[in-house]
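Subject: Structure handover

Hello,

Here is the structure I promised to pass on. Please open it first, then read my notes below.

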Amino acid sequence: MTLDRLAPAIFVFLWSTGWVAAKYAGFYADPLTFLTIRFAVAAVIFYGLCRVAGVAWPRGRMSIVHVILSGAFLHGLYLGMVWWAIGQGVPAAISGIIAGLQPLMTAVAAPLIVGERLAIWQKVGLGLGFLGIGIAVLPNLFALGDNAIPAFAVMINVIGMGFVTLGTLYQKRFVRDGDLRSVATLQYVGAVAVTLPAAMLLEDLHVDWQIGFFVTMIWSVVGISMGAILLLLYLIRRGAVSKAASLIYLVPPLAALEAAIVFGERLTVPMIIGTVLAVVGVYLTNRRGAERQA
């Protein structure tokens, strides 16, 4: 099988583990502090790979600025807000399900920013996915007692999805050239520029240097910051923005299942129904007939 066929499935799996990693990392470090270390380590490793391989770097000052800004959006602001929200009490499963909001945001913004046209069935699929997210999340938002989750943290999580949408579209329009490894290096520089001051302002920079911290850090850097992000950059460059973003619909059920297995988080009936609707939305958004009508 070609990378074009395998990349979406591998990306979805790797990306879904990010929510489990976010909650697990919270046992050992403040979320923004952990992310800052993770981004810095990833930037250093990518830079080393670039030097060894002798890859080309983006040409011109503005090209470099565009790459750094895309990293600030895609990693710094997006993951910073998502990890902070999980640290404030948003369950990993719910946060993963909220990720399904991105395709709807992308569908609204893509025609204005990159001129993509969406077929009617793609619009129906995106709307259906949004409905599924609402069914899965809202009962937990309005729950009482131990099942309640903080509304402000959920709002920050949703705003984070807006930034990854902006970052995806920005990447598609302004970061079209350059080796993916050098692009990733500069993007993590942009991410550190966001999370480091945020961590210094909002956190105590706490880190518990136990084996669990290092295991989580290794997976976060190698599996997600390197493996998943390289695949995401590859998908953005190879495919349509809305189609790449719609893959996020497949993340919620995996993230929820992983959170249930690892942390014992409850999988409620609305969550199950909502994620099923989201998966149907993926099918409608990616169906070939819809692409031919675009």
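Where is the place of Thr185? Thr185 is in helix H8, which covers residues 180-202. A word of caution before going on: this is a predicted model.

Thr185 is a good place to start looking. Its relative accessibility is 4%. Buried means under 20%, so Thr185 counts as buried. Set aside its neighbours within four places in sequence, and Thr185 is in contact with Ala43, Phe46, Tyr47, Cys50 and Trp57.

**The chain as a whole**

The chain has 13 helices and zero strands. Read from the N terminus, every element in the run is α. There are 294 residues, and 52% of them are buried. The chain exposes about 13,300 Å². Carbon and sulfur atoms supply 69% of that area. Now take the contacts with a separation of 6 or more: residues 24 or more positions apart account for 92% of them.

**Helix H2**

Three of the contacts of Thr185 are Ala43, Phe46 and Cys50. Those residues are also among the buried residues of H2. Others buried there include Pro31, Leu32, Phe34, Arg38 and Phe39. H2 runs over residues 31-53. Its 23 residues should span 33 Å at 1.5 Å a residue. The end C-alpha atoms are 33 Å apart, so the span agrees. Gly54 follows H2 and has a positive phi, near 65°.

**Helix H11 and the nonpolar patch**

H11 has 13 residues. From first C-alpha to last, H11 reaches 17 Å, close to the 18 Å expected at 1.5 Å a residue. Which residues of H11 are buried? They are Val251, Pro252, Ala255, Ala256, Glu258 and Ala259. These buried residues cover an arc of only 165° around the axis, which puts them on the same side of H11. As background, an α-helix has 3.6 residues a turn, so residues three or four places apart point the same way.

Val262 is found in H11 too. Val262 counts as partly exposed, at 47% relative accessibility. Val262 belongs to a nonpolar patch on the surface. The other members are Leu257, Ile261, Leu267, Ile272, Val276 and Val280. Together the patch residues have about 600 Å² of accessible area. The elements that give two or more residues to the patch are H11 (251-263) and H12 (269-286). Just after H11 comes Gly264, which takes a positive phi of about 75°.

**Salt bridges**

How many salt bridges does the structure hold? It holds two. In general, side chains of opposite charge can pair when their charged atoms come close.

One joins the side chains of Lys23 and Glu265, at 2.7 Å from N to O. This pair links distant parts of the chain. Lys23 is in helix H1 (residues 3-25), while Glu265 is in the loop between H11 and H12. They are 242 residues apart. Are the two partners buried or partly exposed? Lys23 is partly exposed, with a relative accessible area of 26%. Glu265 counts as buried, at 12%.

The other joins Arg181 and Asp179, at 2.9 Å from N to O. Arg181 counts as partly exposed, at 30% relative accessibility. Asp179 also counts as partly exposed, at 22%.

**Two more pairs to look at**

Gly127 is found in helix H6 (residues 120-141). Gly127 is partly exposed, with a relative accessible area of 33%. Gly127 and Ala278 are 151 residues apart in sequence. In space they are 9.2 Å apart, C-alpha to C-alpha.

Leu166 lies in helix H7 (residues 151-174). Leu166 counts as partly exposed, at 34% relative accessibility. Leu166 and Met105 are 61 residues apart along the chain. Their C-alpha atoms are separated by 8.8 Å.

**Where to look first**

Begin with Thr185 and its contacts, including Phe46 and Trp57. Next, view the patch on H11 and H12. Then turn to the Lys23 and Glu265 salt bridge.

Best wishes

Methods
Residues numbered from 1 in each chain as written. Predicted model: local features only at pLDDT ≥ 70, side-chain atom pairs only at ≥ 80, totals over all residues. Heavy atoms only, no water. Helix = DSSP H or I, 4+ residues; strand = E, 2+ residues; numbered from the N terminus. Buried < 20%, exposed > 50% of the residue type's maximum accessible area, 1.4 Å probe, protein only. Contact = heavy atoms within 4.5 Å. Areas by Shrake-Rupley, 256 points an atom, 1.4 Å probe, with all protein chains shown as cover. Patch = residues over 30% accessible without salt bridge, like charges linked within 9 Å, V, L, I, M, F, W, Y side chains within 5 Å. Salt bridge = Lys/Arg side-chain N within 4 Å of Asp/Glu carboxyl O. Expected span 1.5 Å × (residues − 1). Arc of directions from axis to C-beta.
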